[in-house]
Amino acid sequence: MMGATSGLEKSVKCTAAIATQFLIAKFGADDDTLSQATASTEDLVGVFQHTTTAAGQEIRVMLDGISRVKLGGTVTRGGLLTSDANGKAVAIGAVGGTNYAVIGRAMASGVADDIIPMKIALSRAQGETVS
């Protein structure tokens, strides 16, 4: 299976402890922090590369390239991914609705709690129904 290929990685402060590595990140409350994603509709920005134990600690986030990501459900290689309520990657078809953010494209197939490579490719769909 493919590994990670870093394109752009940045060190930032987290707004809360990140207990699991390879979770999806969203923008925090200010310009200097990132938080764990909690919904497919948020502004997703990258993938946390390790864990922390408390808010305010430095954490590396991959913003571009091929990152490993933890899955929250079954995905198929080539499919577009977004975040579930726990910062795990899920297929966009799993969330339904008309507004969602895409974090990237699955480079391998997997099931819940697998860690797979994902090509980070940020985009947002609005008014497009996903079923």
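These are my notebook entries on the salt bridges in this structure.

**Entry 1, the overall tally.** I'm working from a predicted model. I looked up the salt bridges and got four for the structure. I went through three pairs, including Glu 42 with Lys 26.

**Entry 2, Glu 42 and Lys 26.** Their side chains form a salt bridge, with N to O at 2.7 Å. I checked where the two sit: Glu 42 is in the loop between β3 (33-36) and β4 (44-48), while Lys 26 belongs to strand β2 (residues 24-27). They are 16 residues apart, and the pair links distant parts of the chain. Buried or exposed, I wondered about Glu 42? Glu 42 counts as buried because its relative accessibility is 16%, under the 20% limit. Lys 26 is buried too, at 17% relative accessible area.

**Entry 3, Lys 119 and Asp 64.** Next I pulled up the salt bridge of Lys 119 with Asp 64, where the closest N and O atoms are 3.6 Å apart. This pair runs from strand to strand: Lys 119 is in β9 (residues 115-126) and Asp 64 in β5 (residues 58-70), 55 residues apart. I noted Lys 119 as partly exposed, at 34% relative accessible area. Asp 64 also counts as partly exposed, with 35% relative accessibility.

**Entry 4, Asp 113 and Lys 88.** Here I found a salt bridge with its closest N and O atoms 2.7 Å apart. Asp 113 lies in the loop between β8 (99-106) and β9, and Lys 88 in the loop between β6 (80-83) and β7 (89-91), so the pair ties together parts 25 residues apart in sequence. I put Asp 113 down as partly exposed, at 43% relative accessibility.

Key:
Residues are numbered from 1 along each chain as its sequence is written. This is a predicted model: local features need pLDDT of at least 70, side-chain atom pairs count only at pLDDT 80 or more; totals for chains, interfaces and linings use all residues. Side-chain values use heavy atoms; hydrogens and water are left out. Helices (H or I, at least four residues) and strands (E, at least two) are DSSP runs, numbered from the N terminus. Buried means under 20% relative accessible area, exposed over 50%, partly exposed in between (1.4 Å probe, protein chains only).
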